[in-house]
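Visitor: Could you take me through a close look at the aromatic side chains here, and at any nonpolar surface they belong to? I would enjoy one connected account.

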Amino acid sequence: MIPAAMQSELWSFIGGIARQNGFKALIVGGTEDHLHILLSLLATVPLAKAVQLLKGPSSRWMNETHAKGFSWQTGYGAFTLGVSQKPHTINYIKRQAEHHRKRSFEEGFPAFLKKHAINYTKYMWG
């Protein structure tokens, strides 16, 4: 879990990791149980590598400074979007706490996948 008091600092740390690795985290946000990152990747950086570069150091930092035993889940979800969707996506990420007061991540994510005809497994939660 990501305590609310740590979120802003963690989001900033993740943005710094992105900058250090030559790509941009346009916005980072989330709640206690998940985060969203809108990334702008270089064509030379595979998505899986970018996720690895973000998860490893941020997990280590959380363990060293805030929360012993912290770890990210094994997998991740990633989606591309067009430039015209950028403002809506940034707004969505900014409003995560408000959004998830109405619908939990565990309810909303499968609904999103279904709405966009994306196949998923019921075992995606581990």
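Guide: Gladly. In this predicted model, Leu41, Leu47 and Tyr76 make up a nonpolar patch on the surface, and together they offer about 240 Å² of accessible area. Tyr76 sits in the loop that runs between α2 (47-65) and α3 (86-94). With a relative accessible area of 42%, Tyr76 is partly exposed, because the partly exposed class covers values between 20% and 50%.

Now to the rings that pair with one another. Searching the whole structure turns up 2 aromatic pairs. One of them is formed by Phe13 and Trp61, which are stacked, at 4.5 Å centre to centre and with 10° between the planes. Phe13 belongs to helix α1 (residues 4-20) and Trp61 to helix α2, so this pair ties together parts that are 48 residues apart in sequence. Phe13 is partly exposed, at a relative accessible area of 28%, whereas Trp61 counts as buried at 14% relative accessibility.

The rings of Phe70 and Trp72 also pair, with their centres 4.9 Å apart. Their planes stand at 85°, so this pair is edge-to-face; the cut-off behind that label is an angle over 60 degrees. Phe70 counts as buried, at 7% relative accessibility. Trp72 is buried too, with a relative accessible area of 19%, because the limit for that class is under 20%.

To put the two arrangements side by side: Phe13 and Trp61 are stacked, while Phe70 and Trp72 meet edge-to-face.

Technical notes: Residues numbered from 1 in each chain as written. Predicted model: local features only at pLDDT ≥ 70, side-chain atom pairs only at ≥ 80, totals over all residues. Heavy atoms only, no water. Patch = residues over 30% accessible without salt bridge, like charges linked within 9 Å, V, L, I, M, F, W, Y side chains within 5 Å. Areas by Shrake-Rupley, 256 points an atom, 1.4 Å probe, with all protein chains shown as cover. Salt bridge = Lys/Arg side-chain N within 4 Å of Asp/Glu carboxyl O. Helix = DSSP H or I, 4+ residues; strand = E, 2+ residues; numbered from the N terminus. Buried < 20%, exposed > 50% of the residue type's maximum accessible area, 1.4 Å probe, protein only. Phe/Tyr/Trp six-rings, centres within 6.5 Å; stacked < 30°, edge-to-face > 60°.
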